[in-house]
Amino acid sequence: MGTFWMPEGASTMSGEVDSLFYLVYWISVVIFIGVVAAMAYFAIKYRRTRESYVPPIVHENRFLEAAMIFIPLILTMVVFTFGFKTYLKMNIAPPTAYTIEAVASQWKWDFTYPNGKQVTGELHVPEGKPVKVHSTSMDVLHSFFIPQFRVKQDVVPNRYSSVWFQATKVDSFDVFCTEYCGTSHSGMLAKVIVHKPEDFEAWLNAGDDRPLDVQGESLFKANSCNTCHSIDGSRIVGPTFKGLFGSSRTFADGTTRTADEDYLRQSIMQPGSEIVESYPNVMPASYGTTLRPDDVTKIIEYIKTLK
Ligand code: CUA
């Protein structure tokens with residue numbers, strides 16, 4: 001069960017991490033209550049009762065001083081010992097772990113499977129098997145965090161980092177970016193979807209036979225386009241997609257153009273090339289390298305349906 005402090009655990013690591021957390025938590029609670037109670041007691045007992053009162057000189061107490069050194073030392077060594085053991089376990093993936101490649105970019109997660117299958121915004125994994133997520137970043141610092149698995153790992157440009165876990169429940173869980181990475185950091189979400197091993201194999205080997213615009217809608221969400229572009233006509237960071245296709249666009253330099261397929265493709269691949277009037281030039285150019293050409297087509301097909 002989840003608690004006030006932690007969501008319900010769903011990996012083999014969560015029990016150990018929670019035990020450590022609650023060990024430190026309860027030690028802190030006991031020390032906090034002890035310190036506050038002693039402080040209140042002494043404040044009352046040794047309060048100044050007369051104007052002329054001068055307190056006696058207090059000499060050192062070797063026993064108290066030794067206790068103040070050794071009790072915290074023992075407590076910190078206990079926490080360190082358990083913490084270091086868990087740290088090693090978390091950082092060294094079992095050699096049999098199933099490896100999935102992850103690439104972070106502003107503001108999405110792309111996952112590539114050993115058979116070449118690529119998915120954006122959804123990490124599919126088998127239940128009960130160690131999975132290693134081997135990751136890097138296209139642009140800035142990001143951080144890969146699955147709260148219910150109790151794993152978190154910084155994802156850094158120009159270098160690889162990895163994290164591993166073994167899911168214990170068939171369900172879907174949230175993945176957060178937990179390193180501030182720009183305007184849509186809070187929208188840089190993904191789902192980890194845990195399948196039964198045989199269902200995972202089936203998923204891994206299946207193609208996507210949904211209509212292009214429906215696939216486009218999934219890509220629209222998976223790529224976090226929705227954090228800057230509404231589909232209901234409201235204004236957020238960028239222009240709405242509602243009624244976009246076929247409309248006349250006016251740009252910052254006063255020129256106009258009809259929003260046809262070529263315009264939409266150009267706006268995704270080279271977002272800075274034409275800036276719509278009254279909007280900031282903030283869309284990252286990374287979509288031009290991370291979106292595959294057929295993904296761009298699917299997103300355009302989806303935009304066409306938003307009348
Ligand atoms: Cu990526 Cu925050």
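This report walks through the two largest pockets of a predicted model and one residue of its first helix.

Let's start with the pockets side by side.

| Pocket | Volume | Lining residues by class |
|---|---|---|
| Largest pocket | about 800 Å³ | 8 nonpolar, 12 polar and 12 charged residues |
| Second largest pocket | about 290 Å³ | 10 nonpolar, 3 polar and 3 charged residues |

**The largest pocket**

Where does the largest pocket lie? Its lining takes residues from both domain 2 (98–205) and domain 3 (212–304), so the pocket sits between these domains. Of its 32 lining residues, Val119, Thr120, Glu122, Arg210 and Ser218 are nearest the centre. Several elements supply at least two lining residues each, among them strands E3 (118–120) and E4 (122–126) and helix H7 (293–305). Helix H4 (212–222) is also one of these elements, and H4 gives the most to this lining, with 6 residues.

**The second largest pocket**

Here the lining is shared by domain 1 (14–47 + 57–91) and domain 2 (98–205), so this pocket lies between those two. It is lined by 16 residues, and Met90, Arg150, Val151, Lys152 and Gln153 lie nearest its centre. Helix H2 (62–91), strand E7 (151–155) and strand E8 (161–166) each contribute at least two residues to the lining.

**A look at Phe42**

Finally, have a look at Phe42, which belongs to helix H1 (residues 14–45). Phe42 is partly exposed, because its relative accessible area of 43% falls between the 20% and 50% cut-offs. Gln166 is 124 residues away from Phe42 along the chain, and the C-alpha atoms of the two are separated by 51 Å.

Terms used: Residues are numbered from 1 along each chain as its sequence is written. This is a predicted model: local features need pLDDT of at least 70, side-chain atom pairs count only at pLDDT 80 or more; totals for chains, interfaces and linings use all residues. Side-chain values use heavy atoms; hydrogens and water are left out. Helices (H or I, at least four residues) and strands (E, at least two) are DSSP runs, numbered from the N terminus. Buried means under 20% relative accessible area, exposed over 50%, partly exposed in between (1.4 Å probe, protein chains only). On a 1 Å grid over the protein atoms alone, a cavity is a set of points where a 1.4 Å probe fits but cannot get out, and a pocket is an open set with protein on both sides within 12 Å along at least five of seven lines; lining residues have an atom within 4 Å of a point. Grid points are joined across faces, edges and corners, and a volume is the space filled by probe spheres set on the points. Ala, Val, Leu, Ile, Met, Phe, Trp, Tyr, Cys and Pro count as nonpolar, Asp, Glu, Lys and Arg as charged, and the others, Gly among them, as polar. Domain bounds come from an automatic or database domain assignment.
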